[in-house]
Amino acid sequence: MRTIAATISFIMLGGCLSAGGGARTIDVLTDPPGAQLTIEGVGVCETPCSVKLDRPRQARIAKAGFVATTVTLTPDRRALTIPLELAAASEDVDADELPHL
């Protein structure tokens, strides 16, 4: 998991550091954990994971059974916890079978 985060970091930085102090690592967590994090369509890691950012980036968070969301990750934060919203029950999902939270 950390190797994937390092790969994402390398891709996102393009091998360069900005003159304003360089890249910083941000820990991305979701509630519940186990969501897929994609940054600007590049790379994927499973939360919780850490990514290095040189500037604000758009990230997409997705997990089966939950509403996908887009957030902006910024290098000025050390950690970010993103609460996931359960998707509405449909004909394909039996609401009685959902776990009690």
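A polar contact is a pair of N or O atoms within 3.5 Å; within protein, one atom must be able to donate a hydrogen and the other to accept it, and residues adjacent in sequence count only if both atoms are side-chain atoms. The close-ups below come from a predicted model.

**View 1. Ser50 and Asp27 meet through their side chains.** Ser50 sits in strand S4. The side chain of Ser50 makes a polar contact with the side chain of Asp27, at 2.4 Å. Is Ser50 buried or exposed? The relative accessible area of Ser50 is 14%. Buried means under 20%, so Ser50 counts as buried.

**View 2. Three strands form an open sheet.** The strand order is S4-S1-S7, and the pairing is mixed. Strand S4 (49-53) and strand S7 (79-83) are the edges, each pairing on one side only. On average, neighbouring strands of this sheet are turned by 30° against each other, direction ignored. Strands of a sheet pair through backbone hydrogen bonds, in either a parallel or an antiparallel sense. Both senses appear in this view: S1 and S4 pair antiparallel, while S1 and S7 pair parallel.

**View 3. Strand S1 faces S4 along an antiparallel pairing.** Strand S1 covers residues 24-31. Five bridges link S1 with S4. Two opposing pairs serve as landmarks. Val28 stands opposite Cys49 of S4. Ile26 stands opposite Val51, also in S4.

**View 4. Strand S1 faces S7 along a parallel pairing.** How many bridges connect S1 and S7? There are five bridges. To find the register, start at Leu29, which stands opposite Thr81 in S7.

**View 5. Cys45 and Cys49 form a disulfide.** The S to S distance is 2.1 Å. A search of the whole structure finds one disulfide. A disulfide is a covalent bond between the sulfur atoms of two cysteines. Are its two partners buried or exposed? Cys45 has a relative accessibility of 1% and so counts as buried. Cys49, at 2%, counts as buried too. Cys49 also belongs to the register of View 3, where Val28 stands opposite it.

**View 6. Two prolines follow cis peptide bonds.** Most residues other than glycine have a negative phi, and most peptide bonds are trans. One cis bond joins Asp31 and Pro32, with omega about 5°. Pro32 is in the loop between S1 and strand S2 (36-39). The other cis bond runs from Thr47 to Pro48, with omega near 5°. Where is Pro48? Pro48 is in the loop between strand S3 (42-46) and S4.

**View 7. Glu40 has a positive phi.** Phi is about 45°, although Glu40 is not a glycine. Glu40 lies in the loop between S2 and S3. With a relative accessible area of 38%, Glu40 is partly exposed.

**View 8. Six strands contribute to the largest nonpolar core.** In soluble globular proteins, nonpolar side chains tend to be buried together. The largest nonpolar core here has 17 residues. Leu37, Ile39, Val51, Leu73 and Ile82 have the most contacts inside this core. Two or more residues come from each of S1, S2, S4, strand S5 (57-62), S6 and S7. Which of these elements gives the most? S4 does, with three residues.

**View 9. Leu37 touches many sequence-distant partners.** Its neighbours within four places in sequence are left aside here. Leu37 then contacts Val28, Gly43, Val44, Cys45, Thr47, Cys49, Val51, Ala59, Arg60, Ile61 and Leu73. Both disulfide cysteines, Cys45 and Cys49, are among these partners. Val51 and Leu73, two of the core residues named in View 8, are on the list as well.

**View 10. Thr72 contacts Pro56, Arg57 and Gln58.** Thr72 is in strand S6 (residues 69-73). Which residues does Thr72 contact, leaving aside its neighbours within four places in sequence? They are Pro56, Arg57 and Gln58. The side chains of Thr72 and Gln58 make a polar contact at 2.6 Å. Arg57 is 15 residues from Thr72 in sequence, yet their C-alpha atoms are 5.6 Å apart. Thr72 is partly exposed, at a relative accessible area of 41%.

Technical notes: Residues numbered from 1 in each chain as written. Predicted model: local features only at pLDDT ≥ 70, side-chain atom pairs only at ≥ 80, totals over all residues. Heavy atoms only, no water. Helix = DSSP H or I, 4+ residues; strand = E, 2+ residues; numbered from the N terminus. Buried < 20%, exposed > 50% of the residue type's maximum accessible area, 1.4 Å probe, protein only. Contact = heavy atoms within 4.5 Å. Disulfide = S-S within 2.5 Å. Pairing = 2+ DSSP bridges. Axes fitted to C-alpha atoms, helices over the stretch in contact; angles between N-to-C directions. Core = buried A, V, L, I, M, F, W, Y, C linked by side-chain atoms within 4.5 Å.
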